[in-house]
Amino acid sequence: MNSTPLTCRNYIDGNWIDAPTLKESRNPADWREVVATFPNSDVEDVNKAVAAARRAYKTWRLVPAPVRSEMVHRVGELLLERKEELANLMSREMGKPLTESRGDVQEGVDCAFYYAGEGRRLFGQTTPSELNNKFAMTVRVPLGVCALITPWNFPVAIPCWKALPALVCGNTIILKPAQDTSACATILTEIFHDAGLPPGVVNLVHGAGQVVGRELLEHPDIDLVSFTGSSTTGAEIGATCGRTHKRVCLELGGKNAQIVMEDADLELALEGALWGAFGTTGQRCTATSRLLLHRDIKAEFTAKLLEQTSKLRLGAGADDQTQVGPLVNSAQLERVKDYLEIARSEGAKVLIGGEVATEEKFKYGYFFQLTILDEVTPTMRIAREEIFGPVLALIEIDSFEDAIAILNDTAYGLSSSIYTRDVNRAFQAMRDIEAGITYINGPTIGAEVHLPFGGVKQTGNGHREAGSAALDVFTEWKTIYVDFSGRLQRAQIDNR
Ligand code: NAD
């Protein structure tokens with residue numbers, strides 16, 4: 001793999017802009033490797049990008065949606081062409097295994113093809129008027145300039161989830177990616193450029209959330225902020241956007257649980273738990289971090305879980321043999337270490353892992369051992385707070401009712417899962433679980449792009465991404481009445 005650092009630049013009004021000050025993005029499997037350098041942008045860069053997006057909006061909103069969507073379709077084709085290159089870059093930049101990085105890019109492809117189709121729909125409604133010779137309908141109209149603030153864990157998929165529906169709907173965008181994945185954001189923006197999107201329609205501004213992100217929230221010419229990231233940052237963004245009267249869509253943290261009932265297919269539930277807990281090194285908002293095991297199967301299931309966990313291969317994401325990669329950066333490593341201290345002090349028992357991985361091959365990376373904690377109770381902090389690492393907490397349950405109550409006993413509500421062969425319980429779970437997503441006999445991870453994605457409680461603020469639900473984020477409804485009677489007709493008065 002080519003290890004020459006990529007020089008990332010801001011992309012404003014169709015131009016790549018050289019920056020006076022640069023920061024570095026490093027490989028989390030070997031921090032000696034600089035994967036990319038990127039601008040440490042300031043408020044002036046944000047102002048230029050917003051001005052360009054505002055200018056471009058005037059003409060972009062008038063391009064017919066099916067024509068806009070042809071460019072989005074082209075984005076999908078170019079992503080496919082550059083899939084392997086992007087996947088390799090992603091594995092080096094944020095650490096996840098190649099198979100998962102390919103999946104991340106594929107999610108962008110799927111998203112492009114799905115929203116390209118939406119460009120020929122974007123349906124409104126026609127409905128009868130209560131008055132004669134009057135026509136009533138609704139149409140979707142774009143909002144204007146959208147700020148898209150994204151995390152590092154899905155560096156292609158999440159920006160695509162936001163950018164592609166926003167563009168099809170006629171908005172212009174400013175992407176502010178996480179600093180850990182500036183290189184992936186740069187290649188994605190190259191693809192937007194090559195797909196023929198006009199200058200100013202897509203803009204990229206790298207840099208710190210506290211500077212670039214904050215300015216986007218405050219800027220009077222931004223109409224919408226779509227944010228995916230931590231609940232702490234999300235709360236601040238929600239408050240600022242309330243004060244500055246912006247539409248805001250928040251996709252935040254999770255504390256997802258998988259239930260395994262005594263009648264479950266245990267082999268299937270085991271595969272699901274391993275993938276749900278350790279996929280992307282547990283750094284998914286939908287990761288399984290609590291495993292609720294029925295007491296009748298707990299001992300047998302735990303033994304198998306430990307055996308299989310010990311076989312998972314930890315390593316560099318770019319290595320084909322790796323099944324679980326490093327954590328994304330030193331702050332994440334420290335966070336997971338801290339939670340292990342908390343777990344021990346709360347009385348949890350470490351069954352496997354629990355430490356920074358110290359083998360020679362890991363010495364320049366942010367590797368943490370795959371960790372399973374037992375004797376966890378629902379009130380412990382490790383059962384309530386998002387850890388975002390390869391740490392799975394086992395909680396014993398006595399009954400189905402007990403399982404649902406414990407699963408729901410969290411501030412979050414993103415994903416959930418139950419393994420059971422009892423159809424009645426499955427349907428009760430679908431009804432009673434408080435989460436945006438519920439899987440029956442599947443792990444908590446694995447969203448598909450044509451269905452709504454998002455959560456309840458502190459996971460979000462009621463919006464959904466993906467699917468046709470995203471159109472409600474990126475458009476306003478306009479209601480239109482056409483009176484062809486040639487006279488004044490008064491609703492609620494003249495027809496009574
Ligand atoms: P983060 O909140 O630290 O950062 C996310 C983005 O916000 C980054 O681009 C960052 O630069 C920017 N930012 C930071 N402070 C800001 C501020 N004050 N104003 C404006 N922008 C600011 O999150 P992260 O560490 O990159 O990602 C991990 C978190 O994201 C986890 O909590 C995870 O659960 C969550 N996440 C949620 C979803 C979901 O869809 N619900 C998906 C992926 C990740």
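The second largest cavity holds about 60 Å³ of space. That value, like the others here, belongs to a predicted model. The residues that line this second largest cavity come from several stretches of the chain: Lys255, Asn256 and Ala257, then Arg290, then Leu407 and Thr410, then Tyr412, Gly413, Leu414 and Ser415, and finally Glu434 and Ala435. Sorted by class, the lining has five nonpolar, four polar and three charged residues.

Now step up in volume. The largest cavity comes to about 80 Å³. Its lining has 13 residues. Gly282, Ala287, Ser289, Glu386 and Phe388 are the ones nearest the centre. The class split for the largest cavity is five nonpolar, five polar and three charged. How many cavities reach 30 Å³ or more? The count is two.

Both of these are closed spaces, where a 1.4 Å probe fits but cannot get out. A pocket, by contrast, is an open set of points. The ligand sits in the largest pocket. Three elements each give two or more residues to the shell around the ligand: α7 (209-218), β11 (224-228) and α8 (231-243). Which of them gives the most? It is α7, with five residues.

The shell is made up of 29 residues. Thr150, Lys176, Ser230, Leu252 and Glu386 are the closest to the ligand. Glu386 has already appeared, as one of the residues nearest the centre of the largest cavity. By class, the shell holds 14 nonpolar, ten polar and five charged residues.

Next come the polar contacts. Ser230, one of the closest residues, places a polar side-chain atom 2.7 Å from an oxygen atom of the ligand. Gly209 works through its backbone: a polar atom there is 3.4 Å from a ligand oxygen. Residue 209 is also where α7 (209-218) begins. Glu236 pairs with a nitrogen atom of the ligand instead, and an N or O atom in the Glu236 side chain lies 3.3 Å from that nitrogen. How much of the ligand does the protein bury? Taken alone, the ligand exposes 850 Å², and 90% of that is buried by the protein.

Put the pieces together. The ligand occupies the largest pocket, with side-chain contacts from Ser230 and Glu236 and a backbone contact from Gly209. Apart from that open site, the model has cavities of about 80 Å³ and about 60 Å³.

Technical notes
Residues numbered from 1 in each chain as written. Predicted model: local features only at pLDDT ≥ 70, side-chain atom pairs only at ≥ 80, totals over all residues. Heavy atoms only, no water. 1 Å grid on protein atoms, 1.4 Å probe; cavity = no way out; pocket = protein on both sides within 12 Å on 5 of 7 lines; lining within 4 Å. Points joined across faces, edges and corners; volume = space filled by probe spheres on them. Nonpolar A, V, L, I, M, F, W, Y, C, P; charged D, E, K, R; others polar. Near = heavy atom within 4 Å. Polar contact = N/O pair within 3.5 Å; in protein donor to acceptor, adjacent residues only side chain to side chain. Areas by Shrake-Rupley, 256 points an atom, 1.4 Å probe, with all protein chains shown as cover. Sits in = over half its atoms within 2 Å of the grid points. Helix = DSSP H or I, 4+ residues; strand = E, 2+ residues; numbered from the N terminus.
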